[in-house]
Every structure is written in structure tokens, then in C-alpha cells.
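Trainee: I should like to work through the side-chain interactions of this structure. May we take them one at a time?

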Amino acid sequence: MERPTSTRRGRVAVVALTAVCLAYAPIAFTELWPYARPGAPAVGEWLLARAVSPEFVADAVRDRLGPYGRSLVPLIVHSVLGGLLMLLGPVQLLSAVRRRIRLHRALGVVFAATVYVSMAGAAVYLVRTPPERAFSGAAFWIVLAVILVGTVGSVTFGILAAYQGFPDLHQRWLLLCYGFLMTAPLLRVEWSLLPAFYPGLSLQDVNRVAIMHLGALVSFGALLATRALDRRTSVPGLTGTWAPGPVMVLAHLAGAAGLAALVPAFLDQGTAGRRLLLAYLVPYAVVYAVLAARAAGARRAGNGWAREEWRLHLAALLLAPAFSAVMVPVLERAMDLDRATALTAAAGIGCGMLAYTAVTVVALRVLAGRELLRRRAPQSPPPEVPEPALSAAAATGEENR
């Protein structure tokens, strides 16, 4: 890929990301120590008590004691290593941009190993904790499980892409991985901000509101970073499109049908349902508008590759409500959930899972183009085998005759 072009918005985004990561790292390092030793200092609790109220924090700690107590050591491992990942992420991004290959590779090994161990700690918590007894309930448990699978899957595909010599795909998967990791600090931001809009809302309810859009926002951020770093206008072997007009029309119809099923279902839940619906629709509309505008802009600029990637992600976003609507009865029956919980969980996982699918389709698009080039390449003729040279004696004999 060409070297990324520095822009003011790009620099602002990198600075903002780095600031969030650096601010969250000490929070992650200390967050769970009070559960192991009451009274131990915790940066996150101290900040949250001043941003909201000490009572808000005390209620949250009390409600988390039971679920966290059964898996406290794995959760501490998960949280501490999560803080380390917040520090490694910006360094990895900057080392890649500045082409410091050896540093990038060495830190990449550390990053991947840290992801696996950290996610193993989270997995222990999820396995040991029944969904209905998890902090913030079964819907939050389901979303956490999906984020865990998405994080592990994306870092694994990123490693495979690097080993197979696909740096563009490696970059996409690792940015998506880091997007999933960013759900942790962004969730803490919502802990501080949402109580100002909804006074009296508990931390459990704040979590339910947050999962309505976190998957969409972090995957959207990963896509923006991907497109900012990939300045190519074409990809070898890219012909036609996998998102033609008829496909986009069908995706819009599916999205409309999905929203037509989700919106009344949320409205039937009363005030809580309307609050969740608002948290889902507003970010969804913003992401849709940006993706559609960027795809149209790429078409006007004649940037076929950018247009293709924007449209594939737009199609995935459109299919997310339909996927969530289908998943509501599936979760009800498979996990014996009530309708409200299944609805919240299905809406919470839809955009993130479809964004993951979109990155998979983009990767397949790139691989298909390169396979097409390989098949079209002319076959090299077999090397000519030179005739054996005659010995000097034999040559002399021939001449004498």
C-alpha cells in the first residue's frame, strides 16, 4: 500500500485515540483491585464518583460483588492486560505508519499474545457465570460473549493475513480487533455521561443503553481508520462490484423490514424501550449517512476501491436490523429469555456482527481479485534443457573424420 497521507483530521483522530487509551490504562490496571481488597485505590471509581455520585459507584460495586467474586482472578488478569493493550495499540499504529517494521512485528507478537490471554480471562468469567446472573443481565452477557469472539477472531485472521503476505487485510483485521477492544474505555465514558441525560439510571441500565450502539460505533471507527490508511484507488484483480444496484436495493428493503419489526417491539417496552430505541436509532442513522455519503463521494472521485468497500459496509449495516429481528425469537428459544431481554441482546449484537461479516467479505473480495490475476497470468514455458556438450576428445574425433 502507498504511504498514508497525513491530514489534519487524521492527526486529530490519532491524538484523540491515544489520549483515550492513555487515560483508560490506569483505570483498567486498578479497576478490580477493590473487589480483591476492599478499600484499595481504584482510579476509575474515584473519577466516576466525582463525575456522577458516590452513591452511583457504591451501588455498582455492590451489584458486581456477586458475579465478579466467582471469577475474580481471571477478571483481574483480563482487566490488567486490557490496560496493557490500551498502551500497545497506539504504539502499533504509529510503528506501522512510520514503517518501523521490526518494532511493529515484535510488538505485534506481544499484542496478539496479550489479546489471547486477556480474552481467556474474560471467557472464564462468562463460562462460570450464568447469563441471567451476570452483571447487567443476560443481554449484556450475550454482547460481551460476541465481542470476545469478534476480538479473538479478528486478531487471528490478522495474524494469518500477515503470514500469508496480505498487509492490507492484516491492517483491516487488526483495526477491527482494536475497535472491539475500545468498547471497554468507551463504555466507561458512557458511565460518566449518560446519568446526566437520564438522572437516577443505574449502572446496569446504563450498560443496556450503551450496548445498543457500541458495536456499531467501534466497527465504524475501525472502518474510518482503514479507509484513512488505505489510499489506493484500485486493487489488483478488482473487476465489477459485489454490491451492485439491485443488491443495495434489496439491502435497503431488508433493513426497512428489520426496523419495522424492531421499532414497535421496543416501543411496546414503555419508557425503557423508548430509551433503548433512541440509543439504537440515532447512532445507526449517523453511521448510515456517513457511509452513504462516502460511497457517493468515492464514485464521483472515480475511486473504485474506496467505493466498493464503503458500499459493502453499507450493505452490511442495512442488513443488521433484519439480522437482529430474526435473532430475537432465536435467542428467546435457545437461551430461554423473555422478549425484552432477547430484543435488547439481538439489537446489541447486530451491527457489530454484520460489520465483522463486512470485513470478511472485503477480505474475500481482495483474495478473489488476486486469484483472478493468478489464473490470468500466462504460464511460463518449461525451461529448455541444453543438449549435452561433447567432450574434447569426441569433438576432435568428429573433426578428424
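**Side-chain interactions in a predicted model**

Mentor: Arg172 has a relative accessible area of 4% and is therefore buried. Please bear in mind throughout that the model is predicted.

Trainee: With which residue do the side chains of Arg172 meet in a salt bridge, N to O?

Mentor: The N to O distance in this pair is 2.7 Å, and a salt bridge requires a nitrogen and a carboxyl oxygen within 4 Å. Arg172 lies in helix α8 and its partner in the loop between α11 (214-229) and α12 (245-267), so the pair ties together parts that are 58 residues apart in sequence. The partner counts as buried, at 1% relative accessibility. The residue is Asp230.

Trainee: Which residue forms a salt bridge with Asp168?

Mentor: The closest N and O atoms of this pair are 3.0 Å apart. Asp168 lies in helix α8 and the partner in helix α15 (residues 339-376), so parts that are 202 residues apart in sequence are tied together. Asp168 is buried, its relative accessible area being 1%, whereas the partner counts as partly exposed at 26% relative accessibility. The partner is Arg370.

Trainee: By about how much of a helix are Glu371 and Arg375 separated?

Mentor: These two residues form a salt bridge, with the closest N and O atoms 3.1 Å apart. Glu371 counts as partly exposed at 28% relative accessibility, and Arg375 is exposed with a relative accessible area of 64%. Both belong to helix α15 and are four residues apart, so the separation is about one helical turn.

Trainee: Which residues do salt bridges that share partners join into one network?

Mentor: The structure holds 16 salt bridges. Two of them were discussed above, namely Arg370 with Asp168 and Arg172 with Asp230. Through shared partners, one network is formed by Asp168, Arg172, Arg227, Asp230, Arg232, Glu309 and Arg370.

Trainee: Arg232 is also touched by a residue in the loop between α13 and α14 (304-335); is that residue, Asn303, buried or exposed?

Mentor: Asn303 is found in that loop. Not counting residues up to four places away in sequence, Asn303 touches Arg232, Thr233 and Ala298. Its relative accessible area is 16%, and the limit for burial is under 20%. Asn303 is therefore buried.

Trainee: Turning to the rings, how many aromatic pairs are there?

Mentor: A pair of aromatic rings is described by the distance of the centres and the angle of the planes. Rings pair if their centres lie within 6.5 Å. By this rule the count is seven.

Trainee: What kind of aromatic pair do Phe111 and Tyr178 form?

Mentor: Phe111 lies in helix α6 (residues 101-128) and Tyr178 in helix α8 (residues 167-181), so the pair ties together parts that are 67 residues apart in sequence. Both residues are buried. The centres are 6.2 Å apart and the planes stand at 35°, which lies between the limits of under 30 degrees for stacked and over 60 for edge-to-face. The pair is tilted.

Trainee: What is the arrangement of the rings of Tyr280 and Tyr284?

Mentor: Tyr280 and Tyr284 are four residues apart in helix α13 (residues 270-301), so about one helical turn separates them. Both are buried. Their ring centres are 5.8 Å apart and their planes are at 15°, so the pair is stacked.

Trainee: Which arginine lies over the face of Phe135?

Mentor: Phe135 belongs to a cluster, linked by ring pairs, with Tyr35, Tyr68 and Tyr125. A charge sits over a ring if, among other conditions, CZ of Arg is within 6 Å of the ring centre. The arginine in question is 5.5 Å from the ring centre of Phe135. The residue is Arg64.

Trainee: Over the ring of which residue does the charged end of Arg275 sit?

Mentor: The charged end of Arg275 is 5.6 Å from the centre of this ring. The limit for the distance is within 6 Å. The ring belongs to Tyr198.

Trainee: Which residues touch the most other members of the largest nonpolar core?

Mentor: This core contains 111 residues. One of those sought, Met86, touches Cys21, Tyr24, Ala25, Tyr178, Leu181, Met182 and Pro185, not counting residues up to four places away in sequence. Those that touch the most other members are Met86, Phe111, Val115, Leu181, Met212, Leu291 and Leu331.

Definitions and conventions:
Residues numbered from 1 in each chain as written. Predicted model: local features only at pLDDT ≥ 70, side-chain atom pairs only at ≥ 80, totals over all residues. Heavy atoms only, no water. Phe/Tyr/Trp six-rings, centres within 6.5 Å; stacked < 30°, edge-to-face > 60°. Helix = DSSP H or I, 4+ residues; strand = E, 2+ residues; numbered from the N terminus. Buried < 20%, exposed > 50% of the residue type's maximum accessible area, 1.4 Å probe, protein only. Lys NZ or Arg CZ within 6 Å of the ring centre and 35° of its normal. Core = buried A, V, L, I, M, F, W, Y, C linked by side-chain atoms within 4.5 Å. Contact = heavy atoms within 4.5 Å.
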